[in-house]
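Q: Please take a close look at one helix in this chain and its surroundings. Which partners does it have, and how is it placed against them?

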Amino acid sequence: MIAPLADLDQILVGCGAGGQVEAGLADQRLLFLVTAAVHGDVDAARVVMARMMPALVSKAGAHARAGRMDFDTAFTELIAAAWIVVTTYPVERRPAKVWINILLDSEQAVFGRPRLAHRRTVPMPFTLLADQANPLIFIGRDPLVELLDLLAAARRAGLASSNLQLLLDLGVHGLSPQEIAVRDRVTDRAVRMRRQRAIVELVTLLDLPSPHRMATRPRQAATPATRGDQVLAGAA
């Protein structure tokens with residue numbers, strides 16, 4: 001599926017950028033790259049990130065305009081979250097609509113889960129995660145269960161209780177960094193730094209690809225030119 005595409009621009013178009021390729025084929029190509037990324041192909045992960053970049057810029061702009069976070073911070077947080085989503089994507093369970101799944105999972109990781117998810121899910125108790133001895137097995141798994149599995153595995157591997165609780169608050173309970181900052185009487189920056197340390201410990205313990213190993217090239221998108229209305233409108 002990828003071999004006929006000669007360069008990065010053709011690959012991005014072939015994976016759905018610009019809407020020039022039939023959606024089903026574009027989705028299959030993106031899934032092929034995501035599968036390679038999950039198996040440790042950093043170059044494939046970077047290509048997927050390049051495909052996601054316009055949408056991440058658009059999302060960062062939307063949240064910045066809503067006053068939830070300044071653009072640079074929102075964009076940086078979304079990049080880090082998207083890298084983790086791409087490199088841990090459950091390819092067998094979610095083989096369709098890959099692009100939108102990555103985008104929504106990344107947004108939820110940074111800004112919390114929507115209220116509907118709060119009404120329809122029951123967070124797993126901290127003690128159960130801490131004491132879990134065997135891998136969790138669920139029927140009808142969803143992204144929340146995937147996250148719980150990941151956190152349970154990290155806890156068994158030795159993830160610090162404070163870091164586990166922070167990741168539970170962010171990913172399961174759906175709290176935003178700002179809400180945690182108010183609750184704990186610290187700054188937003190302090191919460192973001194704690195989250196960064198927690199993620200670093202998690203990916204180290206589980207030997208996952210780290211967002212900090214990415215090349216700095218994607219951050220170039222956060223320039224005045226990319227913040228313009230035309231770019232954001234096009235990214236949508």
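A: Helix axes are lines fitted to C-alpha atoms, for helices over the stretch in contact, and the angles between their N-to-C directions run from 0 to 180 degrees. Helices here are DSSP runs of H or I with at least four residues, strands are runs of E with at least two, and both are numbered from the N terminus. The model is a predicted one, in which local features need pLDDT of at least 70 and side-chain atom pairs count only at pLDDT 80 or more, while totals for chains, interfaces and linings use all residues. Residues are numbered from 1 along each chain as its sequence is written, and side-chain values use heavy atoms, with hydrogens and water left out.

The chain contains 12 helices and zero strands. Of its 236 residues, 43% are buried, that is, under 20% relative accessible area with a 1.4 Å probe and protein chains only; over 50% is exposed, and values in between are partly exposed. Among contacts (heavy atoms within 4.5 Å) with a separation of 6 or more, 63% join residues 24 or more positions apart.

The helix chosen is α2, which covers residues 23-38. The end C-alpha atoms of α2 are 22 Å apart, in agreement with the 22 Å expected for 16 residues at 1.5 Å a residue, because the expected span is 1.5 Å times one less than the number of residues. At the start of α2, a side-chain oxygen of Glu22 comes to within 2.9 Å of the backbone nitrogen of Gly24. Just after the helix, Gly40 adopts a positive phi of about 100 degrees.

The buried residues of α2 are Ala26, Asp27, Arg29, Leu30, Leu31, Leu33, Val34 and Ala37. They pack against α1 (8-14), α3 (42-65), α4 (71-87) and α5 (98-111).

Consider α3 next. The axes of α2 and α3 come within 7 Å and cross at roughly 135 degrees. This makes α2 oblique to α3, since angles under 35 degrees count as roughly parallel, over 145 as roughly antiparallel, 65 to 115 as roughly perpendicular and the rest as oblique. The crossing of α2 past α3 is left-handed, meaning that the near helix is turned anticlockwise from the far one by less than a right angle; clockwise would be right-handed. On the α2 side, Leu30, Leu33, Val34, Ala36 and Ala37 meet Ala44, Ala45, Val47, Val48 and Arg51 of α3.

With α5, the axis of α2 comes within 8 Å, and the two cross at roughly 55 degrees. The pair α2 and α5 is therefore oblique as well. Asp27, Leu30, Leu31 and Val34 of α2 meet Val98, Trp99 and Ile102 of α5. Leu30 and Val34 thus appear in the lists for α3 and for α5.

Two of these partners also pack on each other. The axes of α3 and α4 come within 8 Å and cross at roughly 145 degrees, in a right-handed crossing. Residues that meet there include Val42, Ala45, Met49, Met53 and Leu56 in α3, and Phe71, Phe75, Leu78 and Trp83 in α4. Ala45 of α3 also belongs to the set that meets α2.

In the loop between α4 and α5 lies Lys97, which has a positive phi of about 55 degrees although it is not a glycine. Lys97 counts as exposed, because its relative accessibility is 61%.

Terms used. Polar contact = N/O pair within 3.5 Å; in protein donor to acceptor, adjacent residues only side chain to side chain.
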